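Me: Can you walk me through this one? I'll throw short questions at you and jump around.
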Amino acid sequence: MRENARVTSSDRGDYQELVDEISELLGAPATLENRNFELIAFGAYDSEGDLDPSALDPVRTRSILTRRSTSAVRHWFEGFGITRATGPVRIPRTPEAGVYRGRICLPVRHRGVVLGYVWLLDYDPGPTERQLAAAMLVTGRIGALLADEAQHGADLTRELRAVLTAEPGWPRDMAVAELRTALGVRADGPHTVVCVAPWPSADPDEAPSVRTLPGARALCAIPWGTSRQSLVLLVGLRSTDTLTPAVSAAARLLERAAAPGPPGGAAGSARGGAGAGQAARPEGGTGAGSGGAAQDAAAGRDGGPGRSTGGGSHGGVAAGIAAARTGLAGLWTAWAEASAAARAALAEPRLGPVAQWAAIGPYRLLTSLPPEAAHDPALHALLSPAHRELARTAEVYLDCAGQAGRTAAELGIHRQTLYYRLSRVEQLTGLDLDDGEDRLLLHMALKAARL
């Protein structure tokens, strides 16, 4: 086992303190992004000028609202040589490019390698050379932190993946022990697991940086089905009573997955926005740019078993969150819960796009059943495409606890039409809808068919 020499739980706070220090040195709010333009931290600074409407240029506004920049914006900023610079780079205002205020970019380097950027909006008269030199010394300390985290983060990814893919028994116990050693004191704290699936990338290494996600401890990609990937995130919590950091991280990942182009490519990875002088802090909840829309569950009901079930997911992707727990002993179980919740959100639009294990109802049981459980012979004919409307009618009827009036109103049909359809369901299945066990079998099989 490795010695526990990795980044400590205070590192995210260290980034914030260092960015705040730069903000104070330069008299302006500074933003820290990694080299993929993913937001890490921003420094608040009390400045009336920062409230000037002219500060909200389109590039900055997009950064605040979506926490991402387009690949064109990223390449535009890189065109000023920031990837090669060893000192401050001034970028002029360019209204035709949507940049209404100039920027100052401080490259963050470690041993000659650029690892990120500190941005601030340029102002008049602007920082002095002495102030900028002092700020560059602080970027050196940031670079050391980023380098240390990058060195150990990959190992932690491998360890988390090992836990989730290891065979039961001593192989899994060994993997958990490795992860516990790597996490140090954080291993004993409260946490949960988030699963985002299917992750829209064929490359499991195309994933956002852990440090851009609130409370993140480790992240990895593992197979989802035969040809796709799921993204799994271990999230630290303040207590087992609230899953807020996990909900925020899940929403942000869904926004990332819904970005145009591959999520790990230039179009999808430029998070936080190049030079966005302000943005929501990573620990600050969901906010306007971290997936508020992704947290609005789709209301209503769509076409029933056999239909497309993407209505409640985010571009065909959904997230599941496990129950909170303390320690790593139940980590594999937490992963199973998060995966089940993601499957439920994909199957049942009203549960998604972010579903918590505690809120998925009968899917807690259904997702634990083998796939063949959805193929009860009694339902073979009912679940054929030719009888899709009958299957939907039966499911709505059972969801409404067998109340004909509610069912007819929800389906928008006459009661006599409902009764006719239900009789056809009985003929096709051989089940008696007045029998409790038959109704239970039909209801569970219809739900299982979604999975």
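Me: Start with D122. Buried, partly exposed or exposed?
Reply: Partly exposed, as its relative accessibility is 22%. Keep in mind that this is a predicted model.

Me: Which residue forms a salt bridge with D122?
Reply: R90 does, and the closest N and O atoms are 3.4 Å apart. R90 sits in strand β3 (residues 89-91), while D122 is in the loop between β5 and α4 (129-165). They are 32 residues apart in sequence, so the salt bridge ties those parts together. R90 is partly exposed too, at a relative accessible area of 40%.

Me: How many salt bridges by this rule?
Reply: The count is nine.

Me: What about K447, which residue does it bridge to?
Reply: To E348, with 3.4 Å between the closest N and O atoms. This pair links distant parts of the chain: K447 belongs to helix α13, and E348 to the loop between α8 (331-347) and β11 (354-356), 99 residues apart.

Me: Are those two buried or exposed?
Reply: K447 counts as buried because its relative accessibility is 3%, under the 20% cut-off. E348 is buried as well, at 2%.

Me: Which residues share a salt-bridge network with them?
Reply: The network links E348 and K447 with R350, E395 and D399.

Me: And R421, what does it meet?
Reply: The side chain of E389, in a salt bridge of 3.5 Å, N to O. R421 is in helix α12 and E389 in helix α10 (residues 388-399), 32 residues apart. R421 is buried at 17% relative accessibility. E389 is partly exposed, with a relative accessible area of 37%.

Me: Switching to strands. Why is β1 described as largely enclosed?
Reply: Because five of the five residues of β1 (residues 30-34) are buried. Both faces are covered. A30, L32 and N34 are on one side, T31 and E33 on the other, and all are buried.

Me: Why do they split that way?
Reply: Side chains in a regular strand alternate between the two faces of the sheet.

Me: Which strands does β1 pair with?
Reply: With β5 (residues 113-121), antiparallel, over five bridges. Also with β2 (residues 39-42), antiparallel, over three bridges. L32 has a partner in each of them: V118 stands opposite in β5, and A41 is the bridge partner in β2.

Me: What does F37 do in the β1 and β2 hairpin?
Reply: F37 takes a positive phi near 65°. The hairpin has four residues between the strands.

Me: How many residues of β6 are buried?
Reply: Nine of the ten in β6 (residues 190-199), so that strand is largely enclosed by the rest of the structure.

Me: And which strands does β6 pair with?
Reply: Seven bridges join β6 to β8 (residues 228-236), running antiparallel. V194 stands opposite L233 there. Four bridges join β6 to β9 (residues 318-321), again antiparallel. In that pairing A197 stands opposite A318. With β10 (residues 325-326) there are two bridges, also antiparallel, and P190 stands opposite T326.

Me: Last topic, the surface. Which residues form the negative patch?
Reply: D432, D434, D435 and E437.

Me: Where is D434?
Reply: In the loop between α12 (415-429) and α13 (436-450).

Me: Buried or exposed?
Reply: D434 is exposed, with a relative accessible area of 69%.

Definitions and conventions: Residues numbered from 1 in each chain as written. Predicted model: local features only at pLDDT ≥ 70, side-chain atom pairs only at ≥ 80, totals over all residues. Heavy atoms only, no water. Patch = residues over 30% accessible without salt bridge, like charges linked within 9 Å, V, L, I, M, F, W, Y side chains within 5 Å. Areas by Shrake-Rupley, 256 points an atom, 1.4 Å probe, with all protein chains shown as cover. Salt bridge = Lys/Arg side-chain N within 4 Å of Asp/Glu carboxyl O. Lys, Arg positive; Asp, Glu negative; His and termini not counted. Charge placed at Lys NZ, Arg CZ, Asp CG, Glu CD. Buried < 20%, exposed > 50% of the residue type's maximum accessible area, 1.4 Å probe, protein only. Pairing = 2+ DSSP bridges.
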